[in-house]
Amino acid sequence: MTINQIACFVEAAKAGNISKAAEYLFITQQAASSQIKALEKELGFRVLQRENRGVSLTEEGKILFEDWKDIQERYRISVDRAKDYHNKRSKNIRIGLEDMGKCSEDIMQGFAEYESKYADLHIKFEVMSPRRIICQFESGNLDMAIVYDSEFQGHTELKSLPLHERKLDVCLFISGKHPLAKKQTVTLQDLKDVPIGILGEEYSLDFKRLTQHFFEYNHAEPPSEYEVYGSRRDLEINLIAGRCAAIVYETMFDDRDHKLKSFPVDVDNNSFGISLFWQRDEMRTKAAALWRIIKEKMSRDRH
């Protein structure tokens, strides 16, 4: 049996789905299925039970998974470290991070756990705009980035792994003191005379475009006035002050202190999420290890 066969089995077991395992391993579903079948043929028994919605471990598979679940990651990390030593690569991992509001705590905890697990590696991160992240990737000054997917549409040279299993909800946020906040439901049609807060193009590549898209999709009159802000925090302060409303991802603001109130916005079937991005092939192993840690933290139903 080979490490590739074991990797396909382990990832399929973790995901409960061969397609998701193949996506993580950057191979086709057919290739992943073939590797698992070859493993089962050599062993002489099934390790995965095929079901309508995915796969589950057989009793024999449970025994192997318990001992093998970390083999593939340890193998890839050890090879990666040896290559780093041979090529005299830096031990610093440079990460660009878009300001994501209430997701930031999970991401920071993920960074800390990663450095604890891989003590010879050190994360250096900086909060920056998606536009600057792209520039830093192009100049070779960045190893990874954590960004909303919609910001990087069209940048096919970047590789990515999704940090959310589901698409993010889109919400209308207004001040808790705003007259509209007293309503049970608020629609985009209710915002006819309310300034709409957006992030400027220097900060976000897609904010205004998506805001206009949401109005069009809901057949609402487009905003007559935009208030442009230079950071997520500036937008939040002005929202709390009641100077504008904003249509943003659910993760942007936390209204648990009742300074802000949120209402769901109908959207189409576009996939809105957060992903970990990288560009150079040699970052694949480090990115995958960090992705797994942060994804586990973000999977908790707290957003």
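Let me begin with the smaller topic of the day: by class, the residues lining the second largest cavity divide into 4 nonpolar, 2 polar and 3 charged. I should say at once that what we are looking at is a predicted model, and that everything I describe was computed from it.

The space in this second largest cavity comes to about 70 Å³, and its lining is made up of Tyr24, Gln72, Glu73, Arg76, Ile77, Thr285, Ala288, Ala289 and Arg292. If you want to find that place in the fold, look to helix H5, residues 71-87, and helix H10, residues 284-298, which are the elements that give two or more residues to this lining.

Stepping back to the whole structure, how many cavities of 30 Å³ or more does it hold? The count is 2, and the largest of them contains about 160 Å³ of space. Around this largest cavity there are 17 lining residues, and those closest to its centre are Asp206, Phe207, Leu210, Val248 and Tyr249.

Which element gives the most to the lining of the largest cavity? That is H8, with 4 residues; this helix spans 207-217, and both H8 and strand S10, which covers 246-249, supply at least two residues each. As for the chemical classes in the lining of the largest cavity, 10 residues are nonpolar, 3 are polar and 4 are charged.

So that you can keep the two places apart as you turn the model, please remember H8 and S10 for the largest cavity, and H5 and H10 for the second largest.

Terms used: Residues numbered from 1 in each chain as written. Predicted model: local features only at pLDDT ≥ 70, side-chain atom pairs only at ≥ 80, totals over all residues. Heavy atoms only, no water. 1 Å grid on protein atoms, 1.4 Å probe; cavity = no way out; pocket = protein on both sides within 12 Å on 5 of 7 lines; lining within 4 Å. Points joined across faces, edges and corners; volume = space filled by probe spheres on them. Nonpolar A, V, L, I, M, F, W, Y, C, P; charged D, E, K, R; others polar.
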